[in-house]
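Welcome! This report is a short tour for someone meeting the structure for the first time. Please keep the 3D view open as you read.

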Amino acid sequence: MTPLADHAAILDQVDRFCRAIPPAEVIRRDAEHVPPYDYIPQLAALGLIGAPVPESVGGLGLPWSLFCVMQERIAYRAQPIASILNRLITFGVLPIVQFGTDAQKQTLIPQLLAGEALVSLALTEPGAGSDARAVATRAERHGNSWRITGRKTWISDADAASHLLTLCRIAGSDAPGDGLAAFLVPRHAPGVSMTVLPKVGNNCMPSYDIGFDGVTVEAADMLGEPGQGFAAITGTLRYSRASLSATVIGSAKAALDLALRHAGERVQFGRPLSAFQVIRHRLVDMRLEIRKAELMVRELARLLDEREPADEQAAMTKIVATEMFQYVTDHGMQILASAGYAAESPMQRYWRDARLYSFGEGANEIQREIVARHMGLGGKPQ
Ligand SMILES: Cc1cc2nc3c(=O)[nH]c(=O)nc-3n(C[C@H](O)[C@H](O)[C@H](O)COP(=O)(O)OP(=O)(O)OC[C@H]3O[C@@H](n4cnc5c(N)ncnc54)[C@H](O)[C@@H]3O)c2cc1C
């Protein structure tokens with residue numbers, strides 16, 4: 001474990017990185033739909049892609065409690081950069097750390113940590129959203145290779161990825177385990193096609209519909225064993241939920257600060273908005289919601305650092321943090337009113353972006369089912 005003085009120095013470095021990102025650049029990229037892939041080499045050079053990754057595979061082995069603060073600070077300035085950092089680590093590095101073969105670890109993890117590879121998580125299908133185990137994309141064995149046929153949808157970063165971590169149903173009635181297998185499909189394998197999906201927010205995280213038309217991969221491209229596919233894809237979700245929650249806290253704090261500034265400066269009826277009790281209390285309630293989410297992320301990060309079971313805390317934290325983000329941005333929009341609705345205002349971006357997270361990365365209804373099971377209310381594993 002690194003000493004606390006080192007933690008302060010690491011956070012200083014993160015703050016310097018954040019200060020160098022011009023706010024106007026964040027606004028421009030959102031307006032022009034420019035993803036932050038060009039920042040990946042810098043994230044790698046600063047060691048951020050390896051920050052919470054075990055030292056045994058080349059990471060810095062920093063605690064999740066520190067990494068979550070780092071993510072919050074990056075997101076405060078530039079949410080798309082914190083978001084791609086989250087995906088690089090939790091969709092790319094960690095599944096390979098947990099389920100990868102020695103060969104996958106030796107080749108892919110150094111490339112990911114160096115910012116030279118990007119794994120896109122290809123789970124969702126037109127017929128399998130929340131019911132992720134219902135995937136119909138088929139993997140058929142042919143000797144030492146597999147042929148993949150099917151369709152995935154809403155897959156972030158797919159075109160820029162080096163690999164598509166793809167969940168498939170194993171063809172054949174005697175398929176082992178859960179009948180699923182996960183593959184690291186090279187993005188440019190023959191038979192992979194994709195189209196971009198237009199959407200309302202998170203403009204710097206492009207989404208794709210992907211076709212797999214008899215795509216051949218080697219047995220060595222499988223992540224985990226046949227029949228372990230679901231675990232290989234979802235086994236690291238508690239980490240991505242911690243990182244995602246920290247990210248939305250950073251963005252929510254930015255939204256609150258914007259609302260605070262506006263309420264102090266905007267004068268109506270001869271007084272600043274912040275002099276009206278209804279506005280003051282709205283700002284206080286926004287602060288309270290953020291604080292609750294912060295405490296939950298802190299608790300989740302502690303459990304992750306102590307290697308405690310954290311699935312329930314991860315589900316609860318994801319619910320509280322993402323619903324807080326919608327609450328804060330909705331009230332932020334109300335306080336700024338027309339000034340927040342203007343295209344150049346960061347508030348409209350926070351507000352649009354926030355809408356995704358209560359159903360993206362595992363819908364909150366499904367998270368509530370996880371909590372219900374932990375409460376002894378029964379129900380099927382999701
Ligand atoms: C911008 C964006 C980026 C995405 N990125 C990725 C990605 O990188 N990789 C990837 O694989 N997927 C990605 N997704 C897909 C995302 O994970 C799914 O949207 C999510 O899992 C929900 O699935 P769905 O949209 O099909 O909704 P559905 O599953 O159809 O659900 C619709 C509604 O019904 C509710 N519901 C469903 N089942 C139940 C139940 N049992 N009990 C109560 N309520 C229920 C849901 O909570 C939701 O409110 C992305 C989606 C978006 C919009």
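Two helices count as roughly parallel when the angle between their axes is under 35 degrees, and as roughly antiparallel when the angle is over 145. Keep in mind that this is a predicted model.

## Three helices

Two packed helices are described by the angle between their axes and the distance between the axes. Let us begin with helix 7 (residues 237-265) and helix 9 (residues 311-336), whose axes cross at roughly 20° and come within 9 Å. Helix 7 and helix 9 are therefore roughly parallel to each other. Their crossing is left-handed. In the contact of helix 7 with helix 9, 18 residues are nonpolar, 7 are polar and 4 are charged.

Helix 9 also meets helix 8 (residues 277-305). The axes of helix 8 and helix 9 come within 9 Å, and here the crossing angle is roughly 160°. Helix 8 and helix 9 are therefore roughly antiparallel to each other. This crossing of helix 8 and helix 9 is left-handed.

How far apart are the end C-alpha atoms of helix 7? They are 42 Å apart, which agrees with the 42 Å that its 29 residues should span at 1.5 Å a residue. For helix 8, with 29 residues, the expected span is 42 Å, and its end C-alpha atoms are indeed 42 Å apart. Helix 7 is largely enclosed by the rest of the structure, because 23 of its 29 residues are buried.

One residue of helix 7 to look up is Gly-264. Gly-264 counts as partly exposed because it has 13 C-beta neighbours inside 10 Å. Gly-264 and Ser-274 are 10 residues apart in sequence, and their C-alpha atoms are 5.4 Å apart in space.

## The strands

Now turn to the strands, with the pairings collected in this table.

| Strands | Sense | Bridges |
|---|---|---|
| Strand 1 (residues 119-122) and strand 4 (residues 163-170) | parallel | 4 bridges |
| Strand 2 (residues 138-142) and strand 4 | parallel | 2 bridges |
| Strand 4 and strand 5 (residues 180-186) | antiparallel | 7 bridges |
| Strand 3 (residues 145-156) and strand 7 (residues 207-218) | antiparallel | 9 bridges |
| Strand 6 (residues 192-196) and strand 7 | antiparallel | 5 bridges |

Is strand 4 mostly covered or hardly covered? Strand 4 is mostly covered, with 8 of its 8 residues buried. In a regular strand the side chains alternate between the two faces of the sheet. In strand 4, His-163, Leu-165, Leu-167 and Arg-169 point one way, while Leu-164, Thr-166, Cys-168 and Ile-170 point the other way, and all are buried.

Several residues of strand 4 have named bridge partners. Val-119 is paired with His-163, Arg-138 stands opposite Arg-169, and Leu-164 stands opposite Val-185 in strand 5.

Strand 6 gives another picture: it is hardly covered, and the count of buried residues among its 5 residues is 0. Its bridges to strand 7 include Val-196 with Tyr-208 and Thr-195 with Asp-209. Strand 7 also places Ile-210 opposite Lys-152.

Farther along strand 7 you will find Val-215. Val-215 is buried, because 24 other C-beta atoms lie within 10 Å. The C-alpha atoms of Val-215 and Ile-21 are separated by 40 Å, and these two residues are 194 residues apart along the chain.

## Residues with a positive phi

Most residues other than glycine have a negative phi, and most peptide bonds are trans. A few residues here are worth a look with that in mind.

Trp-154, in strand 3, has a positive phi of about 60° although it is not a glycine. With 18 C-beta neighbours inside 10 Å, Trp-154 counts as partly exposed.

Which loop holds Phe-269? Phe-269 is found in the loop between strand 9 (267-268) and strand 10 (271-272). Its phi is positive, near 55°, and Phe-269 is not a glycine. Phe-269 is exposed, because 7 other C-beta atoms lie within 10 Å.

Finally, Arg-307 follows helix 8 and has a positive phi, near 55°.

Methods. Residues numbered from 1 in each chain as written. Predicted model: local features only at pLDDT ≥ 70, side-chain atom pairs only at ≥ 80, totals over all residues. Expected span 1.5 Å × (residues − 1). Axes fitted to C-alpha atoms, helices over the stretch in contact; angles between N-to-C directions. Parallel < 35°, antiparallel > 145°, perpendicular 65-115°, else oblique. Left-handed = near helix turned anticlockwise from the far one by under 90°. Nonpolar A, V, L, I, M, F, W, Y, C, P; charged D, E, K, R; others polar. Buried ≥ 20, exposed ≤ 12 C-beta atoms within 10 Å, placed from the backbone. Pairing = 2+ DSSP bridges.
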